Number of protein chains: 2
Amino acid sequence: MAGNRTLRVTGLGPRPKHDAQSLLAVAVEVFNRRGYDGTSMAEVARAAGITKSTIYHHFSSKEQILRVAVTRALDGLFAVLEEPGVKTGPAEQRLRHVVAGTALALTRELPYVTLLLRVRGNTPTEEWAMVRRREFDRLVAAMVADAAGARGTRPAVDPRLATRLIFGMVNSITEWYRPERSEDPWQVARAVSQIALDGLWGSASGGVDSQHSGDHQGAN
Amino acid sequence: MAGNRTLRVTGLGPRPKHDAQSLLAVAVEVFNRRGYDGTSMAEVARAAGITKSTIYHHFSSKEQILRVAVTRALDGLFAVLEEPGVKTGPAEQRLRHVVAGTALALTRELPYVTLLLRVRGNTPTEEWAMVRRREFDRLVAAMVADAAGARGTRPAVDPRLATRLIFGMVNSITEWYRPERSEDPWQVARAVSQIALDGLWGSASGGVDSQHSGDHQGAN
DNA sequence: CTGCTTCCCGACCGATCGGTCGGTTCCAAT
DNA sequence: ATTGGAACCGACCGATCGGTCGGGAAGCAG
C-alpha cells in the first residue's frame, strides 16, 4: 500500500477532476463526522466540491461507498493476522504482536476502521461487515486464551472477557486519534499492549516493539 | 396499590397505556439497535405498539427523547465522582474506585450510556451532551495522573494517553454487555480495573472490591 | 474537423422523513 | 350522569431523502 497512485497535480481550476479514491476519502470523512445515516449525499457532494449527480458517476449508491470503505478496513485488520510475528513464536509474544499490530492498523486506516466500528447492521452491507468483524474477533480471542494460559499462574480474568476489554481498548483509539495532532502510532501501540498486558505501571518487559523502537517502517 | 393494567377489549385488543418512562425505554432500545439517525419515529411507534402521533403526546420532538436519555446517562456517570471511595483515600485506590464505579454505572444505565457514547454532535442537544462528557473525562484524567505519579517508579505510559485507553476500555462495555446474558456487573468491573491497573495477569491485590465481594447491593 | 470517452451538472422523481391537526376513547372524580 | 384531561389515532403537510436522466464541456485520437 506504500506505492501511491499516479500523482496528478490538479490545479485549482474550475474542474476538480476527482477519482473514485479521493471521493471515497471525502465521503468517509463526512460519514465519520456526522454519522453514516446522518449524512446526506448532498452533504458529501458539497464537501467534495461537486454535485450529487457526479457522485453517482463514480459510485452506484450510497451503500456501495460504505461497502468499499469497510472492505478496506477489514483488509487492513486481517492483514495483521498474516504478519510473521503473529503467526509464530510464544503465545504471549504473539498476543503482544497482534494487539500492537491491530492498534497500528487502526491508525494507518483510521477513517475506514472508524466507519467499520460504527456500522449497526441496518443494511445487508452492514450486516456483512459485522459478520466479518466478528470473525476477526473470534480469531483474536483464541490468541488471548492461549496467552492467558501460557504463564504458570492462572489468568486473573476470564479470557473471553479479557479479549473484549482489551480490544475494546484498542478500538477506542478511533474515538480520539488524529494523525496530525496525536502521538506517534508506535507510541500508541506500545502503550496499548503495555497497559493491556502489564497494567498501568508495568511489570514485564515489553517484548514486541523492542525490535521497532527506532524502526517505524519495519512491519509495513 | 398502584394502578394496574386493565385488560380492555375494544375490538382490536388491549390498550397498552404507556407513560413517558416506558416509552423512553422503548425508544432508546430502538435508537441503540438501529442508530439514532437511522431510526424513524414510525419505527419507534411500531416497537411501542402505538402510533407516531401518540409519541408526540408524550414528547415534543425526537430530539427531546434523546435529550432526556443522555441526561440520565450523564447523571449516572457524574454520580460516580460523588461516591465516598472516589473522593477520599490514596490516589491509586481512588482510581480503582472510579474505574470500577464507571463500569458499574455503565451496566446499570446501559442503554442510556450506550446512546450517549454514540452521539456525534449533529444537533445542539448532541453538542451539549458531548461537552458534558468531555467535562467528565477531564475530571477523571486528573485522577489517572495522580495515581500514575503516586508510585515510586515513574508511570510506564503518558497519563493522558493512559486515561483515553483505560476509559476507552471501560466504555467498550456498551458494545457487548447484555444484562440478562453477560457476566455479573461486579465481575466485569473487577476485570476492568484489574486489567487496566495490573495487566492481564495481575500483580497487585485488587483493593476496590474486597469490601463488595459478597455484597452486590452495597453501593446503590 | 469529427468522434469517443470521461467528468460533470441542473432539473427532476417517488419515497420517506419529522412533525401537526382535529377528533375519539377511556377513566377517575365529581 | 357529566365532565375534564390523559392517552390515543388516521390523515395529512412541507421538507428532505437517495437516486435518475438528458445533456454540456473538456481532453484525446483519428
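These are my notebook entries on how the two chains and a DNA strand meet in a predicted model.

**Entry 1: ground rules.** I count residues from 1 along each chain as its sequence is written, with chains lettered from A and ligands numbered from 1 in the order in which they are written. Since I work on a predicted model, local features need pLDDT of at least 70 and side-chain atom pairs count only at pLDDT 80 or more, while totals for chains, interfaces and linings use all residues.

**Entry 2: the two copies.** I looked up how chain A maps onto chain B. A turn of 180° and a shift of 0.0 Å along the axis lay chain A on chain B with an RMSD of 0.0 Å. The two copies are thus related as by a two-fold rotation axis. The superposition is by least squares on the C-alpha atoms of residues with pLDDT of at least 70 in both copies.

**Entry 3: the interface.** How many residues does each chain put into the contact? I noted 37 residues from chain A and 37 residues from chain B. Contact here is a matter of C-beta atoms, placed from the backbone, lying within 7 Å. On the side of chain A that touches chain B, the elements giving two or more residues are H9 and helix H10 (185–198) of chain A. Helices (H or I, at least four residues) and strands (E, at least two) are DSSP runs, numbered from the N terminus. I sorted that side of chain A into 18 nonpolar, eleven polar and eight charged residues. For these classes, Ala, Val, Leu, Ile, Met, Phe, Trp, Tyr, Cys and Pro are nonpolar, Asp, Glu, Lys and Arg are charged, and the others, Gly among them, are polar. The copies meet through the same surface, because 100% of the interface residues of chain A are also interface residues in chain B.

**Entry 4: a helix pair across the interface.** I followed helix H9 (residues 159–171) of chain A to helix H10 (residues 185–198) of chain B; they pack at an angle of about 60°, with their axes 10 Å apart. Axes are lines fitted to C-alpha atoms, for helices over the stretch in contact, and angles run from 0 to 180 degrees between N-to-C directions. H9(A) and H10(B) are therefore oblique to each other. Angles under 35 degrees count as roughly parallel, over 145 as roughly antiparallel, 65 to 115 as roughly perpendicular and the rest as oblique. H9(A) supplies Leu161(A), Ala162(A), Leu165(A) and Ile166(A), and H10(B) supplies Val188(B), Ala191(B), Val192(B) and Ile195(B). This contact of H9(A) with H10(B) has eight nonpolar, no polar and no charged residues.

**Entry 5: H4 and H6 within each chain.** In chain A, I found the axes of H4(A) and helix H6 (residues 91–108) within 9 Å, crossing at roughly 155°. H4(A) and H6(A) are therefore roughly antiparallel. Gly76(A), Leu77(A) and Val80(A) of H4(A) make the contact with Val98(A), Gly101(A), Thr102(A), Ala105(A) and Arg108(A) of H6(A). By class, this contact has four nonpolar, three polar and one charged residues. In chain B, H4 (residues 62–80) and H6 (residues 91–108) pack at an angle of about 155°, with their axes 9 Å apart. That makes H4(B) roughly antiparallel to H6(B).

**Entry 6: DNA strand D.** Which residues come nearest to DNA strand D? Of the 21 residues around the strand, I listed Ser40(A), Ser61(A), Lys62(A), Ile50(B) and Ser53(B) as nearest. A residue is near the strand if its C-beta atom, placed from the backbone, lies within 6 Å of it. H3(B) gives the most to this surface, with four residues. By class, I recorded five nonpolar, eight polar and eight charged residues near DNA strand D.

Definitions and conventions:
Contact = placed C-beta atoms within 7 Å.
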